[in-house]
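Subject: Structure for your review

Dear colleague,

Please find the structure below, handed over for your own inspection. My notes on its pockets and its surface follow.

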Amino acid sequence: MDIWVDADACPKVIKEILYRVAERKKVVVTLVANQPLHIPSSRYLNFMLVGAGIDIADDKIIELIAPGDLVITADIPLAAAAIKKKGLALNPRGNFYTTDNIQERLTIRNMLDELRGCGVNTGGPAAFSATDKQAFANQLDRFLTSCQTKKST
C-alpha cells in the first residue's frame, strides 16, 4: 500500500505528519502537485510535479494508484475516483470517504457548486484547527496500524 497526496491544497501540518509517518511506518508517500514543493530527503518520500491546470494532479493520482492505496485529499471527486479504483480516501480533517458516504458528499458538493454559480454565497469550510490535525493524525495511525496488523497475520 502506498499513500498518494493531493499536495496542492493539503495543509502544511498534514504534510509534516505524513513525512514523519513515512519514516516511522516505512510506507511510501508520494506528493503530487503542480507547484514545486520541498520535501525532506527520504527513501519513503517522493514528489511528482505535474503540469498546471485544473485536475491535472488529480488525474495523475488516479492514473497511478493501485487497489488498496490511500489517497489524502479534500477533493471529493478525486476521493470518488479513488474509491472507484478500489483505493481508499482520507481527508485532512481525519474523515474517510467510503462507498457508503461518497455519493452523498458528491451530491452536496455539486449542489453547493451550482448555488455558487448562481451567485449565492455558500461560505466555505471552517478554518483548519488543531483538533482537525489531531483527528487526521489519529485516524491515519489507526489505519496504518490496522494495515500492519493484517499483514502480519
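For the terms used here, a residue is called buried when its relative accessible area is under 20%, exposed when that value is over 50%, and partly exposed in between. Please keep in mind that this is a predicted model.

Salt bridges within helices

K12 is a convenient starting point: its relative accessibility is 60%, which is over the 50% cut-off, so K12 counts as exposed. Its side chain meets that of E16 in a salt bridge, with 4.0 Å from N to O. Both residues belong to helix α1, which covers residues 12-25, and they stand four residues apart, about one turn of the helix. E16 has a relative accessible area of 31% and is therefore partly exposed.

A comparable description applies to helix α2. There the side chains of E63 and K60 form a salt bridge with an N to O distance of 3.4 Å. Because E63 and K60 are three residues apart in helix α2, about one helical turn separates them. E63, at 52% relative accessible area, is exposed, whereas K60, at 25%, is partly exposed.

Salt bridges elsewhere

In total, the structure holds five salt bridges. As general background, side chains of opposite charge can pair when their charged atoms come close. R93 and D132 form one of these bridges, and their closest N and O atoms are 2.6 Å apart. This pair links distant parts of the chain: R93 sits in the loop between β5 (88-90) and β6 (96-97), D132 sits in helix α5, and 39 residues separate the two. D132 has a relative accessible area of 14%, so it counts as buried. R93, with 25%, is partly exposed. In addition, a network of salt bridges links R24, K25 and D141.

Pockets

Which residues are the closest to the centre of the largest pocket? The largest pocket has a volume of about 850 Å³. It is lined by 32 residues, of which A74, D75, I76, Y97 and P125 are the closest to its centre. Helices α2 (56-64) and α4 (102-117) each supply at least two residues of this lining, and α4 gives the most, with five residues. Sorted by class, the lining of the largest pocket comprises 15 nonpolar, eight polar and nine charged residues.

The second largest pocket has a volume of about 170 Å³. Its lining consists of M1, D2, K25, K26, V27, V28, L144, C147, Q148 and K151. K25 thus belongs to this lining and also to the salt-bridge network with R24 and D141. Helix α5, residues 130-152, gives the most to the lining of the second largest pocket, with four residues. By class, five of the lining residues are nonpolar, one is polar and four are charged.

A nonpolar surface patch

I108, M111, L115 and V120 make a nonpolar surface patch of about 320 Å². L115 lies in helix α4, the helix that gives the most to the lining of the largest pocket. With a relative accessibility of 33%, L115 counts as partly exposed, because this value falls between the 20% and 50% cut-offs.

I would be grateful if you could look through these points alongside the structure.

With kind regards

Key: Residues are numbered from 1 along each chain as its sequence is written. This is a predicted model: local features need pLDDT of at least 70, side-chain atom pairs count only at pLDDT 80 or more; totals for chains, interfaces and linings use all residues. Side-chain values use heavy atoms; hydrogens and water are left out. On a 1 Å grid over the protein atoms alone, a cavity is a set of points where a 1.4 Å probe fits but cannot get out, and a pocket is an open set with protein on both sides within 12 Å along at least five of seven lines; lining residues have an atom within 4 Å of a point. Grid points are joined across faces, edges and corners, and a volume is the space filled by probe spheres set on the points. Ala, Val, Leu, Ile, Met, Phe, Trp, Tyr, Cys and Pro count as nonpolar, Asp, Glu, Lys and Arg as charged, and the others, Gly among them, as polar. Patches are made of residues with over 30% relative accessible area and no salt bridge: like charges are joined within 9 Å, nonpolar side chains (Val, Leu, Ile, Met, Phe, Trp, Tyr) within 5 Å. Accessible areas come from the Shrake-Rupley method with a 1.4 Å probe; for residues, only the protein chains shown count as cover. Buried means under 20% relative accessible area, exposed over 50%, partly exposed in between (1.4 Å probe, protein chains only).
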